[in-house]
Amino acid sequence: MTAKKHGDNKAQTTEKTRTGLTKGALKRAFADNLFYVQGRSGLIATPNDLYMALSYTVRDRMLNRYIQTIHQYIRNVKANKGLKSVAYLSAEFLLGPHLGNNLVNLSIVDEVRDALAELDFDLDAILEVEGEPGLGNGGLGRLAACYLDSLSTLEVPAIGYGIRYEFGIFDQVIQDGWQMEVTDKWLYLGNPWEIRRPEIAYTVHLGGRTETFSDDRGRFRVRWVPHQAVRGIAYDTPILGYCVPTCNTLRLWTAEAVESFDFNAFNVGDYYGAVEKKVASETITKVLYPNDEPEIGRKLRLIQQYFFVSCSLQDMIRLTLLTGRAIEEFPERFAVQLNDTHPSIAIAELMRLLIDEHDLDWDKAWDITTRTMGYTNHTLLPEALEKWPVTLFETILPRHLEIIYEINRRFIDEVRLRYPGDEGRVRRMSIIDETSGRHVRMAHLACIGSHAVNGVAELHSELVRSLVMRDFCDLWPEKFTNVTNGVTPRRWMVLSNPEMTRLISNEIGDGWITNLHQLKEIEKCISDGGFLNDWRLIKQKCKERLALAIRQRTGISVDPASLFDVQVKRIHEYKRQHLNVLHIITLYQRIKQNLSTDIPPRTFIFGGKAAPGYFMAKLIIKLINSVAEVINSDPDVEDRLKVVFFPDFNVKNGQLIYPAADLSEQISTAGKEASGTGNMKFAMNGAVTIGTLDGANVEIREEVGVENFFLFGLTTEEIERLRSNGYRPRDFYETDPALRDAIDLIGSGFFSRGDRNLFLPLVDSLLNHDDFMLLADYRSYLECQDRVSETYRNTGEWTRMSVLNVARVGKFSSDRSIRQYCEKIWKTKPVPVDLSGKPLDDLLETELRAMTLAKNRGLV
């Protein structure tokens, strides 16, 4: 009896150390993990040891909720309460560092800070150690991460599916002003947040041929005879909601060989052949999908997309059957959202699985597929609407091409019935593009095979309806809707800007963190001198932190009292970083022409990566750095202007930059940006926007008030009229002396040490093509920037605008976006998790019994 009592006490202590949220429990858990998991003491621990120990400490608390969440979902199924989960398919998940975000969502930042301080460790120093998984190129992947955060916070059952790239997006370094790409080895020191699931594995086939046969009931059937097979292995990352028990899953797939070692090849001396299949299979998930210009790159990208989609759909079908549902009930079990065209092969793959593997007829399979799938369009750029050569498709996915042909045949018949004699419409709407070679239009496949199609901003959705998919909207107007993007305030305010978070919460409480519309309540503070002074001090501290980072990473000293004018985003001609540069050069020329020119001091901060094969974007980076080199070293400028290119812009650096910005540059050509989310993050942190009527800028301006937004530039309609009338950029160059002087200075070699040829491609593009209307918008932009300078001189007015931008940004929470998806498209409801159920040890035993049962049934 004494032994049993001692055992009970030990179990209770273990339970508390593993799951407790008090300072004492956290301190014990950290020490245990440092000693028993990392094998280190505090005296010899490296910074990474400390990070890993703290991460495991936090993960333990998450796993308690993670397992409870799974069991809650199982209880709902057993009680016939219904459980419809969201499956978010995305080729990118740009999560950012995990540790700080999970501390925020567990609401234990202060407890952990105090626990570490008692052990003589600093939380901020440990947070700085963490790198980030570079599993995305930019906004698309970051949006997916925000949505996973909101799904858990809103207690909606969900699972994100993607690829576990061994090497993510490149790390960017600047050498002699040029971007250089360095391999992103994000897994080098280990990843404490993921759980490898070797028992959750699926075979994915590639290549080969198809053959027809009759089954035992005399039905016509098709069999895929592939020439290659790989295995997809699951890696799970728990995604915790904010201050709720719900902890959903991000499941990423890595590719492995079905047989990793060929002893026969080894025994005859073919050492490379012995591991050839392993090397070839693992290449599939080796790197974030590459520049797709070379044939080999396009092939790999298509294989990557199919690989993760196939694994994910097989997994969903397994989970459906595991919960006792029939395959016909798949749409009641899962709502699948395609995040852009990358996962749109899911339409054909689900049809293949249902028809070839689960023996359903075409009509039933098509009904299930279309009721399951939803498609989000993220782009208006034609080159981003993926198309694959039929020859490539036939080589890699011959069975899927047959299915696509049949989908297209039936669809074209429907179009011809609806619009008899309109063969032009038929050609425009066909999945197979016959205009220049034969290509599979993936956006068309996604639209035809989904029950809902949405854009990501009101303007974007209207342009999708009226331009990109006009014919489809004419046919199925009920399919099309809008869900404006949003971002999570947990990462982009609470974690990134804790001082502002405290100031706001002290005034209105902390309910705004999960209901961002409550920020409206701080409007009452715009006449409170003490509040406004505190607001300015917080902004100044954020700017001082960024100024320190700029000095450490670039060697450039900047004045935190200057206006921080920031443009950080992917480098692309349509985003028009070079329009910003033209303005900088114009200001520089004003100073050189009149040394007493009174210009409010400005620090121009750029950041962003260019695709490795995008020459013009890389040349823009070189131009920014070349202009910076000249202006920053010119004594005539006297610190009135500073130009900085902040290298390797990513989520972690964004958390430093967004809170420090005074002015947010959102200056893309109207009609080109689908939505943008950086504009939302800036506004959430009190930056005032200068921008065009493009993407979500339109809605931000409507929400914050036209008087709190600096608007310039042509509208979408004006641009189209200018194009149709024959746009001649040289007309603007020849009639605007300031514009001509700025371009001529670039062309003269002034910023390239006398090399007139260096920036010639950029100058030639602007003067002879100017596809993105920089010269047409230059004068409007210049005049608007002059208004910015005048307004910034009035400290009280600028602070008022800053506060109102935050107060009125409630619409742009990803929580609002997810609620709209749930109501409009997914038809899903929250499933709150009850943490008052069985203790952890009982849950672990139940989990083991469930796995044993599943294995016996052949479902795992």
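**View 1. The largest nonpolar core of the predicted model and the surroundings of Trp826.** In this predicted model, the largest nonpolar core is made up of 117 residues, and the residues with the most contacts inside it are Leu89, Phe393 and Trp826. Helix 10, which covers residues 295-322, supplies the largest share of this core, namely 11 residues. Apart from this core lies another one of 68 residues, among them Ile624, Phe645, Phe759 and Phe772. When neighbours within four places in sequence are left aside, Trp826 is in contact with Lys84, Val86, Tyr88 and Leu151, with Ala335 and Gln337, and also with Ile818 and Tyr821.

**View 2. The open parallel sheet of six strands.** The six strands follow one another in the order 19-18-17-20-21-22, and their pairing is parallel throughout this open sheet. Its edges are formed by strand 19 (641-645) and strand 22 (709-711), each of which pairs on one side only. With direction ignored, neighbouring strands of the sheet are turned by 20° against each other on average. Within the sheet, strand 17 (residues 563-568) pairs with strand 20 (residues 663-666) in the parallel sense over two bridges, and Asp565 stands opposite Leu663 of strand 20. Helix 33 (residues 795-807) lies across strand 20, strand 21 (688-691) and strand 22, and runs at about 90° to strand 21.

**View 3. Strand 19, an edge strand with both faces covered.** Strand 19 pairs on one side only, and its partner, strand 18 (residues 602-607), runs parallel to it over five bridges. In this pairing Ile605 stands opposite Val644 of strand 19. In a regular strand the side chains alternate between the two faces of the sheet. For strand 19, Leu641, Val643 and Phe645 lie on one side and Lys642 and Val644 on the other, and all of these residues are buried. Because five of its five residues are buried, strand 19 is largely enclosed by the rest of the structure. Phe645 of this strand is also among the residues of the core of 68 residues.

**View 4. The crossing of helix 30 and helix 32.** The axes of helix 30 (residues 737-747) and helix 32 (residues 774-793) come within 10 Å and cross at roughly 120°. The two helices are therefore oblique to each other, and helix 30 passes helix 32 in a right-handed crossing. The contact between them is formed by residues including Ala738, Leu739 and Ile743 in helix 30, which meet Leu775, Tyr778 and Arg779 in helix 32.

**View 5. Met351 in helix 12 and the residues around it.** Met351 belongs to helix 12, which covers residues 346-357, and with a relative accessibility of 0% Met351 counts as buried. Not counting residues up to four places away in sequence, Met351 touches Asp356, Trp362, Ala365, Trp366, Thr369 and Ile403. As a reference for distance across the model, Met351 and Pro659 are 308 residues apart in sequence and 47 Å apart in space, taken from C-alpha to C-alpha.

**View 6. Two loop aspartates with positive phi.** Most residues other than glycine have a negative phi. Asp120 has a phi near 65°, which is a positive value in a residue other than glycine, and Asp359, although not a glycine, likewise has a positive phi of about 65°. Asp120 is found in the loop between helix 5 (109-118) and helix 6 (123-129), while Asp359 has its place in the loop between helix 12 and helix 13 (362-372). With a relative accessibility of 72%, Asp120 counts as exposed, whereas Asp359, at 34% relative accessibility, counts as partly exposed.

**View 7. The open antiparallel sheet of three strands.** Strands of a sheet pair through backbone hydrogen bonds, either parallel or antiparallel. Here three strands form an open sheet in the order 12-14-13, with antiparallel pairing. Strand 12 (387-389) and strand 13 (432-433) are the edge strands, and each pairs on one side only. Strand 13 is joined to strand 14 (residues 439-441) by two bridges, the two strands running antiparallel, and in strand 14 the residue opposite Ile432 is Val440.

How values were computed. Residues are numbered from 1 along each chain as its sequence is written. This is a predicted model: local features need pLDDT of at least 70, side-chain atom pairs count only at pLDDT 80 or more; totals for chains, interfaces and linings use all residues. Side-chain values use heavy atoms; hydrogens and water are left out. A nonpolar core is a set of buried Ala, Val, Leu, Ile, Met, Phe, Trp, Tyr and Cys residues joined through side-chain atoms within 4.5 Å. Buried means under 20% relative accessible area, exposed over 50%, partly exposed in between (1.4 Å probe, protein chains only). Helices (H or I, at least four residues) and strands (E, at least two) are DSSP runs, numbered from the N terminus. Contact means heavy atoms within 4.5 Å. Two strands pair if DSSP finds at least two bridges between them. Axes are lines fitted to C-alpha atoms, for helices over the stretch in contact, and angles run from 0 to 180 degrees between N-to-C directions. Angles under 35 degrees count as roughly parallel, over 145 as roughly antiparallel, 65 to 115 as roughly perpendicular and the rest as oblique. A crossing is left-handed if the near helix is turned anticlockwise from the far one by less than a right angle, and right-handed if clockwise.
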